[in-house]
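Colleague: Before we begin, I should like to be shown how such a model is read, one feature at a time.
Modeller: Certainly; let us place the structure before us.

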Amino acid sequence: IGVGIGDLKSAAEITYATKFPERVDRVKMPHNQFIYVAMFSGLLGLLVFCIAIGYPLTKRATYHHFLYLAVTIIFISSFISEYTLETQLGATAFSFFSMLALRLKEFDKVY
């Protein structure tokens, strides 16, 4: 079980103080969305997060809609290098482009 989103910074500071006392002045947060999620919600939360992000890619209908597939893959690759969903801009961009791609997918069914 993770430390919780509110205690993430203090948990990182405690870990730095005990394991890296020479670097206490330069505490860094996780560099990756997956590590960030695992840190605040534990391995079970990471499993749920990975299923929630990866499930749409397993649906056969997704392969026919290039825009949705492209947006999802772009954001998953972004999750590897930064904690995208933990910033306001990242969460907004992910929500906006995912919903736009899903909405355009619905227009393909109608027209």
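**Reading burial, rings and helices**

Modeller: This is a predicted model. Let us start with burial: Tyr-16 has a relative accessible area of 16%, so Tyr-16 is buried, the limit being under 20%. Phe-20, at 39%, is partly exposed.

Colleague: How should a pair of aromatic rings be described?

Modeller: Two quantities serve: the distance of the centres and the angle of the planes. The count here comes to 9 aromatic pairs. For Tyr-16 and Phe-20, the ring centres are 5.7 Å apart and the planes stand at 55 degrees, so this pair is tilted. Tyr-36 and Phe-40 form an edge-to-face pair, with 6.0 Å from centre to centre and 75 degrees between the planes.

Colleague: Why are Tyr-36 and Phe-40 separated by about one helical turn?

Modeller: Because they are 4 residues apart in helix α2. As to burial, Tyr-36 counts as buried at 10% relative accessibility, whereas Phe-40 is partly exposed with a relative accessible area of 22%.

Colleague: Which residues do ring pairs link into a cluster?

Modeller: The cluster consists of Phe-34, Phe-49, Phe-75, Phe-79 and Phe-94.

Colleague: How does one read a nonpolar core, and which residues make up the largest one?

Modeller: The general idea is that in soluble globular proteins, nonpolar side chains tend to be buried together. In this model the largest nonpolar core has 7 residues: Val-37, Leu-46, Phe-49, Ile-53, Val-71, Phe-75 and Phe-79. Two helices, α2 (33-58) and α3 (66-81), each supply at least two residues of this core, and α2 gives the most, with 4 residues.

Colleague: With which residues is Phe-49 in contact, leaving aside its neighbours within four places in sequence?

Modeller: Phe-49 lies in helix α2 and counts as buried at 13% relative accessibility. Its contacts beyond those neighbours are Gln-33, Phe-34, Val-37, Phe-79 and Leu-85. Under the same exclusion, Val-37 is in contact with Gly-42, Gly-45, Leu-46 and Phe-49. By contrast, Phe-49 and Val-24 are 25 residues apart in sequence and 30 Å apart in space, C-alpha to C-alpha.

Colleague: How does the span of a helix reveal whether it is straight or bent?

Modeller: One sets the distance between the end C-alpha atoms against the expected span. For α3, 16 residues at 1.5 Å a residue should span 22 Å, and the ends are 23 Å apart, which agrees. For α2, with 26 residues, a straight helix would reach 38 Å, but the end C-alpha atoms are only 21 Å apart. A bend of about 130 degrees is found in α2 at Ser-41.

Colleague: Which residues of α3 are buried?

Modeller: They are Tyr-68, Leu-69, Val-71, Thr-72, Phe-75, Ser-78 and Phe-79. In α2 the buried residues include Gly-42, Gly-45, Pro-56 and Leu-57.

Colleague: What caps the N-terminal end of α2?

Modeller: Asn-32 does: one of its side-chain oxygens lies 2.8 Å from the backbone nitrogen of Phe-34.

Colleague: And is Gln-33 buried or exposed?

Modeller: Gln-33, which is in helix α2, counts as buried at 1% relative accessibility. The side chain of Gln-33 makes a polar contact with that of Glu-86, at 3.1 Å. Not counting residues up to four places away in sequence, Gln-33 touches Phe-49, Phe-79, Glu-82, Tyr-83, Thr-84, Leu-85 and Glu-86.

How values were computed: Residues numbered from 1 in each chain as written. Predicted model: local features only at pLDDT ≥ 70, side-chain atom pairs only at ≥ 80, totals over all residues. Heavy atoms only, no water. Core = buried A, V, L, I, M, F, W, Y, C linked by side-chain atoms within 4.5 Å. Buried < 20%, exposed > 50% of the residue type's maximum accessible area, 1.4 Å probe, protein only. Contact = heavy atoms within 4.5 Å. Expected span 1.5 Å × (residues − 1). Phe/Tyr/Trp six-rings, centres within 6.5 Å; stacked < 30°, edge-to-face > 60°. Bend = angle between axes of the 7 residues up to and from the residue. Polar contact = N/O pair within 3.5 Å; in protein donor to acceptor, adjacent residues only side chain to side chain.
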